Amino acid sequence: MVVQNSRGGFTLLELIVVLVIMGIMSALVVPKLTGPMGNLDLKTASKKISASLRYARSQAASEKTTYAALFDFANNSLVIVNPSPADGDFSVDDQEAMEKMLEEQRDKEKDHPGRLKTYKLPDGIKLAKVLSKEGEVNAGIFPLFFFPSGGSSGGEIILANEQGRRYKVTVDFITGAVQLSEAAG
């Protein structure tokens, strides 16, 4: 009777071949996965913007006061504020007054947390432009107002990612209703 001593295992050459195949496959698959992840970030950011605007509309109606959604292109963010009458009226054309009011609101937020709701867009997602009855805005601060009646100043907010994909958040000026849709590139 002959007993064979067989040791199961892999040779170094077999391991190297498997590692090369895995490297090639990951080089081909990973770029395919990052594109959809960027699109997912865009869709998620668009949904958060929509939810924030719905929140502002709801708060304006329930508190019987005007709320403002300030789109800050420089900081790539949205800030929801309840400006007090002491803050004065906003003017879409007066960027300095809006920036000053926003800084004052941020200072008040440090003393009384919870008054200011801010959403910063994730990396790779940007505010492309805002369309309103006043025209197209793609710099500075753009205010969108929600009134106690449920209506708003209305507009369309376009968000874009680095791959060129775009989403549009539409706010109806009569009803204040917020809708989300994919925008044409």
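These legends accompany a set of close-up views of a predicted model.

**Figure 1. The whole chain, from the N terminus on.** Let us start with the overview before moving in. The secondary structure of the protein chain comes to two helices and nine strands. Read from the N terminus, the elements follow the order α-β-β-α-β-β-β-β-β-β-β. The chain has 185 residues, and 36% of them are buried. Its accessible surface is about 11400 Å², with 57% of that area belonging to carbon and sulfur atoms. Among contacts with a separation of 6 or more, 60% join residues 24 or more positions apart.

**Figure 2. An open sheet of four strands.** Here we look at the sheet whose strands are arranged in the order S3-S2-S1-S6, with antiparallel pairing. Strand S3 (117-120) and strand S6 (141-146) stand at the edges; each has a single partner strand, so one side of each is left without a neighbour in the sheet. On average, neighbouring strands of this sheet are turned by 15° against each other, direction ignored.

**Figure 3. The pairing of S2 with S3.** Moving in on one pair within the sheet, we find strand S2 (residues 77-81) running antiparallel to S3 and joined to it by four bridges. Which residue of S3 is the bridge partner of Val79? The partner is Thr118.

**Figure 4. A nonpolar patch that includes Ile16.** This view turns to the surface. Leu12, Ile16, Val20, Ile24, Leu28 and Val29 together make a nonpolar surface patch of about 580 Å². Ile16, one of these residues, sits in helix H1 (residues 12-63). With a relative accessible area of 42%, Ile16 is partly exposed.

**Figure 5. Ser52 in helix H1 and its contacts.** We stay with helix H1 here, since Ser52 also lies in it. Is Ser52 buried or exposed? Ser52 is buried, and its relative accessible area is 17%. Once its neighbours within four places in sequence are left aside, Ser52 is in contact with Leu78 and Ile80. Strand S2 covers residues 77-81, the strand already met in the sheet views.

**Figure 6. The salt bridge between Lys129 and Glu136.** How many salt bridges does a search of the whole structure find? There are three, and each has a view in this set. In this one, Lys129 pairs with Glu136, and the closest N and O atoms are 3.9 Å apart. Lys129 is partly exposed, at 22% relative accessibility.

**Figure 7. The salt bridge between Lys168 and Glu156.** In this pair, the closest N and O atoms of Lys168 and Glu156 lie 4.0 Å apart. Lys168 belongs to strand S8 (residues 166-171) and Glu156 to strand S7 (residues 155-161), so their salt bridge ties together parts that are 12 residues apart in sequence. The two ends are both open to the surface in part: Lys168 is partly exposed, with a relative accessible area of 23%, and Glu156 is partly exposed at 25%.

**Figure 8. The salt bridge between Glu182 and Arg165.** The side chains of Glu182 and Arg165 meet here, at 2.6 Å from N to O. Glu182 is found in strand S9 (residues 178-183), while Arg165 is in the loop between S7 and S8, so the pair ties together parts that are 17 residues apart in sequence. Glu182 has a relative accessible area of 45% and counts as partly exposed. Arg165 is partly exposed as well, with a relative accessible area of 29%.

**Figure 9. Two loop residues with positive phi, Lys64 and Asn76.** A reminder helps with this view: most residues other than glycine have a negative phi. Lys64 is not a glycine, yet its phi is positive, at about 55°. Lys64 is placed in the loop between H1 and strand S1 (67-72). Asn76, likewise a residue other than glycine, has a positive phi near 55°, and its place is in the loop between S1 and S2. What is the relative accessibility of each residue? Lys64 is exposed, with a relative accessible area of 64%, whereas Asn76 counts as buried at 14%.

Key:
Residues numbered from 1 in each chain as written. Predicted model: local features only at pLDDT ≥ 70, side-chain atom pairs only at ≥ 80, totals over all residues. Heavy atoms only, no water. Pairing = 2+ DSSP bridges. Axes fitted to C-alpha atoms, helices over the stretch in contact; angles between N-to-C directions. Patch = residues over 30% accessible without salt bridge, like charges linked within 9 Å, V, L, I, M, F, W, Y side chains within 5 Å. Areas by Shrake-Rupley, 256 points an atom, 1.4 Å probe, with all protein chains shown as cover. Buried < 20%, exposed > 50% of the residue type's maximum accessible area, 1.4 Å probe, protein only. Contact = heavy atoms within 4.5 Å.
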